[in-house]
Structure formats: structure tokens, C-alpha cells
Amino acid sequence: MPMETHTLELAGVDLVYDVHGPLPTADGQPPLVLIGQPMDASGFSALVAQLPDRTTVTYDPRGLGRSIRRDGRVDNDPEVQAEDVRAVIDALGAGPVDLFASSGGAVTALALVSAHPSAVRTLVAHEPPLLSFLPDAAAAVRAQEQVRARYDQAGWSAGMAAFIAQTEWQGEFTDDYFAQPQPDPAQFGLPTEDDGSRDDPLLSDRSLAITRYRPDVAAIAAAPTRVVIAVGEESRDVVTGRCAIATAELLGQEATVFPSHHGGFMGGEFGYAGQPEAFAARLRDVLGPT
């Protein structure tokens with residue numbers, strides 16, 4: 001599928017996005033926009049390859065990948081990013097779009113729907129990490145802070161090992177979770193040295209605005225957008241899956257089950273491979289016909 005890369009010059013950022021396929025679309029369906037956070041467009045390559053019948057659009061959020069930030073900030077604010085996504089949709093000249101959004105991108109997408117309800121026809125929000133919606137929200141925040149403290153103290157490998165342990169924990173964060181010793185990075189095949197950097201968008205404080213965000217549930221429920229909250233069949237009992245289930249309940253729905261896990265749409269290029277072919281088939285089914 002042919003791809004065209006564009007740069008959109010906005011206040012404080014040069015935003016880079018890719019259009020895979022023709023515009024106007026060949027089949028009359030709206031473009032399917034794919035967004036993540038802190039993942040950039042490269043994380044959607046396997047999913048794009050499974051959707052040759054749709055014109056898809058991917059982008060790098062501000063300050064990540066190819067999107068160079070000029071606003072002097074480093075935080076990842078979902079409301080700021082929602083305005084960026086709206087700008088991309090406007091630049092396409094093809095709205096309202098269909099939108100698949102994963103992880104922090106799903107939080108941005110919910111902010112977008114509440115602020116600009118006419119921009120999106122159908123939103124599939126896959127496992128938004130909205131910690132404040134959990135029944136054990138305080139413990140979940142404490143677990144997140146433990147990861148961040150580990151990163152601050154010992155660097156990326158130690159922080160990532162703590163993050164993996166946090167995201168693999170089944171069920172609520174209990175005293176048993178906090179009684180565990182800090183995991184050894186080597187057990188996950190991670191390097192043990194500290195490179196001295198502390199600017200990782202996942203492990204530092206840069207994405208706290210994402211996980212602490214509280215979407216306007218009433219505005220989302222009132223929007224004309226069809227909103228589907230998605231959860232992986234393998235991840236429904238871990239923190240991201242539990243967040244999805246809790247978010248769906250607040251919106252008066254049951255979470256829609258997708259194949260695989262939190263990264264179920266990805267191939268093996270980033271490690272823990274999902275099931276991109278089955279995931280794409282499920283996404284196509286959920287989006288439905290024009």
C-alpha cells in the first residue's frame with residue numbers, strides 16, 4: 001500500500017503523520033486513524049499491513065518519534081494531544097474518521113471525543129490506563145509511583161523490570177504485591193547498567209497526566225460518536241485490562257474483547273508479539289460496514 005508522509009506545523013510542534021492508501025478513500029469509508037502513547041507510528045506497522053482494504057493514518061505524538069516539540073514542555077497531556085489529533089483529522093479533510101486508539105492513545109482519544117464529538121464516527125479505545133477509575137485506584141497509583149522511584153534511583157533497566165512486574169500482576173494491588181522484592185532486570189533479559197538518562201516517556205513523570213486523567217464521562221456518553229472500550233482476552237485481569245473494564249462500566253457498557261494482550265495488534269518487532277491478523281479481523285468486525 002502506498003504511503004505518504006506529511007508534516008503539520010502547529011503551535012509548539014512539527015507533527016508528522018503517515019497516510020497509508022488513497023484520499024479520498026477508495027471504498028467510501030472514512031480513514032481509520034491509529035494512535036498510541038507513548039508509542040509512535042512505528043508500533044502500528046503490523047496492524048496497517050493487515051488492513052489493506054482501509055486507508056489508515058498513523059502519527060507520532062508531539063515530542064515522540066519524528067514529531068519535534070518546540071513548546072518547551074516535556075509532559076504528555078491528553079488534552080493537548082487531543083487537539084493535535086483533531087488538527088491531523090482536519091488536515092485530512094475527511095472527517096469524521098474512525099479511530100483505533102491504544103493505551104495512552106486511548107486516553108487521548110477519549111479527551112478528543114469529549115472536546116470534539118463530531119470529529120470521530122467510531123472510536124475503539126483499547127485498554128486506556130485510567131488508574132483513577134479502578135476500585136483500587138490508590139494502590140494502583142502507589143504501584144506506579146514505585147516503578148517511577150525505581151527508575152529514578154537505578155535507571156531504565158531497573159525501572160522497566162519494575163514496570164513489567166507491575167503490568168503482569170493479576171488482580172488488585174494488594175499487600176502481597178508491595179511485599180515483593182524489586183525484580184532483577186536480568187530475569188527479563190534486560191541490561192543491568194544505568195545509562196544515566198531519566199527522560200523515558202513511559203517510566204518518568206512525563207506521562208503521569210495520561211494515567212491520572214479523568215475523562216468527562218457525561219460528555220462522552222452524550223457525543224454522537226460510537227465509543228467501544230476494548231480489552232485483550234489475555235490481559236483482562238492485569239492493570240490495563242482492569243482499567244478498560246472499569247471505563248466501560250462507567251460508560252454503561254461491557255468491554256469488547258479483542259484477541260491477545262495489551263499489545264495484541266503488534267508483531268514481534270517490539271518483543272512480546274500479539275496476534276495482528278486476528279486482531280485486525282476483530283477490529284474490522286467491530287468497526288462494521290460503512
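## Residue classes and model

In this report, Ala, Val, Leu, Ile, Met, Phe, Trp, Tyr, Cys and Pro count as nonpolar, Asp, Glu, Lys and Arg as charged, and the others, Gly among them, as polar. The model is predicted: local features need pLDDT of at least 70, side-chain atom pairs count only at pLDDT 80 or more, and totals for chains, interfaces and linings use all residues. Residues are numbered from 1 along each chain as its sequence is written, and side-chain values use heavy atoms, with hydrogens and water left out.

## The largest pocket

The largest pocket (an open set of points on a 1 Å grid over the protein atoms alone, where a 1.4 Å probe fits, with protein on both sides within 12 Å along at least five of seven lines) is lined by 48 residues, each with an atom within 4 Å of a point. Ser103, Phe163, Thr167, Leu202 and His262 lie nearest the centre of the pocket. The lining comprises 22 nonpolar, 21 polar and five charged residues.

Helix 5 (156–168) is among the helices (DSSP runs of H or I, at least four residues, numbered from the N terminus) that each supply at least two lining residues. Helix 5 gives the largest share, seven residues.

## Packing of helices 4 and 5

Helix 4 (137–154) also supplies at least two residues of the lining. Helix 4 and helix 5 are roughly antiparallel (an angle over 145 degrees between N-to-C directions). The contact (heavy atoms within 4.5 Å) includes Ala140 and Tyr151 of helix 4 and Trp156 and Phe163 of helix 5. Its residues divide into nine nonpolar, three polar and one charged.

Technical notes:
Angles under 35 degrees count as roughly parallel, over 145 as roughly antiparallel, 65 to 115 as roughly perpendicular and the rest as oblique.
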